[in-house]
Each structure stands twice: as structure tokens, then as C-alpha cells.
Amino acid sequence: MNARPLMILVAGPYRSGTGDDPAKLSANVAAMERYALPLFRAGHIPVVGDWLALPLVALAGSRQIGDEPFTEIFHPIAERLVARCDAILRVGGASQGADLMVKQARALGLHVYERLGDVPGCADF
């Protein structure tokens, strides 16, 4: 376990390449979530932005991906999260949103990991 746990935002595609198909969206969330347990077991605090964004989007009354409540919340919550995290783990394929989070993290001087094995304590995962 690390002396100081890092709060690490797992950033990857959500909508990219899905055509907003609910099954593909869920698969993208699951792909990001697969990194959470190894990060936790290595002593870190994993965060997937969708865990916070999607319930808020629903509470705001969103009826479809990309509508006004979705747009109000989805990317802004991720931007707020980046400012509170210690690092980003960028996973998956093309994603404009994840790339923006990486850019923001770098501007804040946060570490950006591109492989799970590069995160302290995760070499064995």
C-alpha cells in the first residue's frame, strides 16, 4: 500500500463510437470501472466520473444523451473532479472528453498515467 493514497480519475470514452447506444455506453463505463479495483487494491482512491455524472444527469431530468440537463452536468462534473484529483489514468480509445480532462490535468501539474502498470503500486496488475 502507498504511504499516501492518490485520488485517481479514470478517464476514457463514454459516448465515442457508440452512436449513443445504451448497451455500448454501459460497456464503456464498465471498461473504465475495470481499473477501479486494481487502483483501490494498490492503495489509491479510484474515481470514474460517470459514477457522479450519470445520477446527477438523471436527477436533472435528462431524457436523452446530449440534451440540456446532460450537457449542463456531464462534462462540467468531470472538470470539477480533475481539479480535486491527484492524477488521471487515461484508458481506452478516442475520446474528446477524456482528452480534455488530460489537458486540464496537465495544466494543473497533475500526473497523467497512460497505463495501469505505471501507477505507483500497480505494476503487478
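Here are some questions and answers about this predicted model.

Reader: In what order do the elements of the protein chain run from the N terminus on?
Author: Happy to start there! The secondary structure comes to five helices and four strands. Reading from the N terminus on, the order of these elements is β-α-α-β-α-α-β-α-β.

Reader: How compact is the protein chain, and what is its radius of gyration?
Author: Its C-alpha trace spans about 45 × 30 × 25 Å along the principal axes. For 125 residues the globule rule gives 14 Å, and the chain comes close to that, so it is as compact as a globular protein of that length. The radius of gyration is 14 Å.

Reader: What share of the contacts in the protein chain joins residues 24 or more positions apart?
Author: Good one to ask when looking at a fold. Counting contacts with a separation of 6 or more, the share from residues 24 or more positions apart is 65%.

Reader: And what percentage of the residues is buried?
Author: A residue is called buried when its relative accessible area is under 20%. The protein chain also has an exposed surface of about 7,200 Å², with 55% of it supplied by carbon and sulfur atoms. Of the 125 residues, the buried ones make up 42%.

Reader: How far apart are the mean positions of the positive and negative charges?
Author: The protein chain carries 12 positive and 13 negative charges. Take the mean position of each group, and the distance between the two is 3 Å.

Reader: Is Ser95 buried or exposed?
Author: Let's find Ser95 first: it sits in the loop between β3 (87-90) and α5 (96-107). Residues that Ser95 touches, beyond those up to four places away in sequence, are Gly12, Pro13, Ser16 and Arg90. Its relative accessible area is 6%, and the cut-off is 20%, so Ser95 is buried.

Reader: Which residue has its backbone nitrogen 3.0 Å from a polar atom of the Ser95 side chain?
Author: The partner atom belongs to the backbone, while Ser95 contributes a polar side-chain atom. At 3.0 Å, the backbone nitrogen is that of Ala98.

Reader: What is the phi of Asp20?
Author: Asp20 lies in the loop between β1 (7-11) and α1 (22-33). With a relative accessible area of 27%, Asp20 is partly exposed. Although Asp20 is not a glycine, its phi is positive, at about 60°.

Reader: Which backbone oxygen does the side chain of His44 reach?
Author: His44 is in the loop between α2 (36-41) and β2 (45-48). At 2% relative accessibility, His44 is buried. Its side chain comes to 2.7 Å from the backbone oxygen of Pro120.

Notes. Residues numbered from 1 in each chain as written. Predicted model: local features only at pLDDT ≥ 70, side-chain atom pairs only at ≥ 80, totals over all residues. Heavy atoms only, no water. Helix = DSSP H or I, 4+ residues; strand = E, 2+ residues; numbered from the N terminus. Rg over C-alpha atoms; globule rule 2.2 N^0.38 Å. Buried < 20%, exposed > 50% of the residue type's maximum accessible area, 1.4 Å probe, protein only. Contact = heavy atoms within 4.5 Å. Areas by Shrake-Rupley, 256 points an atom, 1.4 Å probe, with all protein chains shown as cover. Lys, Arg positive; Asp, Glu negative; His and termini not counted. Charge placed at Lys NZ, Arg CZ, Asp CG, Glu CD. Polar contact = N/O pair within 3.5 Å; in protein donor to acceptor, adjacent residues only side chain to side chain.
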